[in-house]
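Please open the structure in a viewer and keep the sequence at hand. The tour below proceeds by selection, with a short account of what is found at each stop.

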Amino acid sequence: IPADILSVDKVIVYRLMENIVENAVRFAQHKITVVFTLQKPALEITVTDDGNGFPDEILHRGRRTFLPTGQDGHLGMGLAVSRILCEKHGGSFLFQNAVPHGAIVKIKLEV
């Protein structure tokens with residue numbers, strides 16, 4: 001069976017995964033799920049955790065630059081950097097809260 005060959009910038013993908021999975025590990029209560037879906041011309045990576053989800057302040061900022069939230073001393077820069085890296089790779093970055101709780105990050109990269 002021939003394998004699909006993906007053309008991705010390995011540094012960008014590494015940084016994205018490092019930022020997003022690190023956040024999930026930090027905020028998850030018990031479970032993190034990472035799903036890779038290939039639907040050419042895009043690779044979608046979805047990271048879900050069962051933590052408290054994103055604060056409303058972060059969700060309402062949308063595409064604007066992230067600033068310190070006062071939440072455990074982190075600046076929220078990982079999300080901002082991840083969005084920029086996705087766009088640099090011809091993709092998109094979406095984050096939202098899961099119901100009833102948790103966080104969902106969806107990364108789409110052009111392949």
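The stops run from the whole chain to the sheet, the surface and the charged pairs.

**The whole chain**

Begin with the full chain in cartoon view, bearing in mind that this is a predicted model. The chain contains 3 helices and 4 strands, and along the sequence these follow the pattern α-β-β-α-α-β-β. Of its 111 residues, 32% are buried. The chain exposes about 7,100 Å², of which carbon and sulfur atoms supply 57%. Among contacts between residues at least 6 apart in sequence, 54% join residues at least 24 apart.

**The sheet**

Select the strands next. In what order do the 4 strands lie in the sheet? The order is β1-β2-β4-β3, in an open sheet with antiparallel pairing. The edge strands are β1 (32–39) and β3 (92–97), each of which pairs on one side only. From one strand to the next, the twist averages 15°.

Now follow the sheet strand by strand, starting from the β1 edge.

- β1 and β2: select residues 42–49 to display β2, which runs antiparallel to β1 and is joined to it by 8 bridges. The two strands form a hairpin with 2 residues between them. For one facing pair, display Thr33, which stands opposite Thr48 in β2.
- β2 and β4: 8 bridges pair these strands in the antiparallel sense. Display Val47 and, opposite this residue, Val105 in β4.
- β4 and β3: select residues 103–110 for β4, which pairs with β3 in the antiparallel sense over 6 bridges. Phe93 has Ile107 in β4 as its bridge partner.

Add helix α3 (residues 77–88) to the view: this helix packs on the sheet and touches β3 and β4. The direction of α3 makes about 145° with that of β3.

**A nonpolar patch on the surface**

Switch to a surface view and select Val25, Ile32, Val34 and Phe36. Together these residues form a nonpolar patch with about 340 Å² of accessible area. β1 gives the most to the patch, with 3 residues, whereas Val25 lies in helix α1 (residues 10–27). Is Val25 buried or exposed? Val25 has a relative accessible area of 54% and is therefore exposed, the cut-off for that class being over 50%.

**The charged pairs**

Return to side-chain view. The structure holds 4 salt bridges; three stops follow, including one between strands.

1. Select Arg15 and Glu18, whose side chains meet in a salt bridge (2.9 Å, N to O). Both residues lie in helix α1, 3 residues apart, about one turn of the helix. Glu18 is partly exposed at 31% relative accessible area, and Arg15 is partly exposed at 39%.
2. Select Glu44 and Lys108, which form a salt bridge with the closest N and O atoms 3.7 Å apart. This pair links distant parts of the chain, since Glu44 is in strand β2 and Lys108 in strand β4, 64 residues apart. Glu44 is partly exposed, with a relative accessible area of 21%; Lys108 is partly exposed, with 39%.
3. Select Arg83 and Glu87, a salt bridge in which the closest N and O atoms are 3.4 Å apart. The two residues are 4 apart in helix α3 and so are separated by about one helical turn. Glu87 is partly exposed at 33% relative accessible area. Arg83, at 13% relative accessibility, counts as buried because that class covers values under 20%.

Key. Residues are numbered from 1 along each chain as its sequence is written. This is a predicted model: local features need pLDDT of at least 70, side-chain atom pairs count only at pLDDT 80 or more; totals for chains, interfaces and linings use all residues. Side-chain values use heavy atoms; hydrogens and water are left out. Two strands pair if DSSP finds at least two bridges between them. Axes are lines fitted to C-alpha atoms, for helices over the stretch in contact, and angles run from 0 to 180 degrees between N-to-C directions. Contact means heavy atoms within 4.5 Å. Patches are made of residues with over 30% relative accessible area and no salt bridge: like charges are joined within 9 Å, nonpolar side chains (Val, Leu, Ile, Met, Phe, Trp, Tyr) within 5 Å. Accessible areas come from the Shrake-Rupley method with a 1.4 Å probe; for residues, only the protein chains shown count as cover. Buried means under 20% relative accessible area, exposed over 50%, partly exposed in between (1.4 Å probe, protein chains only).
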